[in-house]
Amino acid sequence: DITKTFIEKFVEIANRQPDAMAVTDVNSQFTYGELNKKSDTLAHYLIENGVTPDDFVCVMLERRKEFILCVHAIHKAAAAYAPLDIDYPADRLQYMIEDCQAKVLLTTHAVLEAKQQNENLSFDESRTRIIFIEDLDLNIDSEPICLAKPENLAYMIYTSGSTGKPKGTMVMHKNILGLMNSIENDPILKATPLDVSMSLLKYSY
């Protein structure tokens with residue numbers, strides 16, 4: 001069904017099998033039900049903090065399960081995410097935050113303090129609000145939310161910038177749907193409905 005977004009497909013799966021394992025890291029894990037509920041709560045929090053459809057939200061985290069949580073919440077708010085690799089130099093990170101006009105930066109105290117103290121990362125915090133995910137209570141029950149439409153932006157991926165400033169490529173939800181539909185109907189690359197987090201749709205590191 002190419003009329004449904006990636007995040008809508010995720011919600012359907014979460015409602016069918018809430019106790020199934022969705023994502024895990026070296027410390028712990030989220031079931032589909034946990035990931036669905038926590039991302040609802042974070043999506044509402046993003047909206048309360050001024051995020052509107054097609055706004056960009058930067059995510060600067062280590063490789064941890066909360067990265068996926070943030071992406072799902074951003075999509076539920078109909079916003080788009082821009083991943084910031086913590087290994088990038090500060091000037092590149094600053095450029096990406098300012099270039100996409102990020103409304104919010106989702107990160108942790110440890111990650112941001114390390115980039116600020118060790119590499120002097122700075123940006124206009126009056127334009128980009130910093131939200132530390134460890135400061136949020138994501139166990140609060142919130143109303144289900146899923147605002148993204150196929151025409152909404154899903155994410156921005158930047159080039160390496162090896163020949164100059166990195167250039168951002170914007171991808172809409174309908175582009176992801178087209179890829180998913182092609183894979184699901186390809187006799188070689190056939191994927192089941194449970195494979196909505198296929199490696200080809202990885203959250204770009």
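What pattern does the chain follow when read along the sequence? In this predicted model, the order runs α-β-β-α-β-α-β-α-β-α-β-β-β-α. Put into counts, the secondary structure amounts to six helices and eight strands.

Some whole-chain numbers help to set the scene. The chain has 205 residues, and 48% of them are buried. Its accessible surface is about 10,600 Å², with carbon and sulfur atoms making up 50% of that area. Looking at contacts with a separation of 6 or more, 71% link residues that sit 24 or more positions apart.

Now for a piece of the β-α-β part. Strand β5, covering residues 104-107, pairs with strand β6, covering residues 129-132. The two strands run in the parallel sense, and four bridges join them. To get from β5 to β6, the chain passes through helix α5 (residues 109-119), and the resulting β-α-β crossover is right-handed. Zooming in on the pairing, Leu 106 has Ile 131 in β6 as its bridge partner.

Elsewhere, helix α3 spans residues 65-76, and Lys 65 is part of it. Is this lysine buried or exposed? Lys 65 counts as buried because its relative accessibility is 7%, and the cut-off for buried is under 20%. As for its surroundings, Lys 65 touches Val 23, Asp 25, Ser 28, Gln 29 and Phe 30, leaving aside residues up to four places away in sequence.

Notes. Residues are numbered from 1 along each chain as its sequence is written. This is a predicted model: local features need pLDDT of at least 70, side-chain atom pairs count only at pLDDT 80 or more; totals for chains, interfaces and linings use all residues. Side-chain values use heavy atoms; hydrogens and water are left out. Two strands pair if DSSP finds at least two bridges between them. A crossover is right-handed if, with the strands pointing away from the viewer, the path from the first strand over the helix to the second runs clockwise. Buried means under 20% relative accessible area, exposed over 50%, partly exposed in between (1.4 Å probe, protein chains only). Contact means heavy atoms within 4.5 Å. Accessible areas come from the Shrake-Rupley method with a 1.4 Å probe; for residues, only the protein chains shown count as cover.
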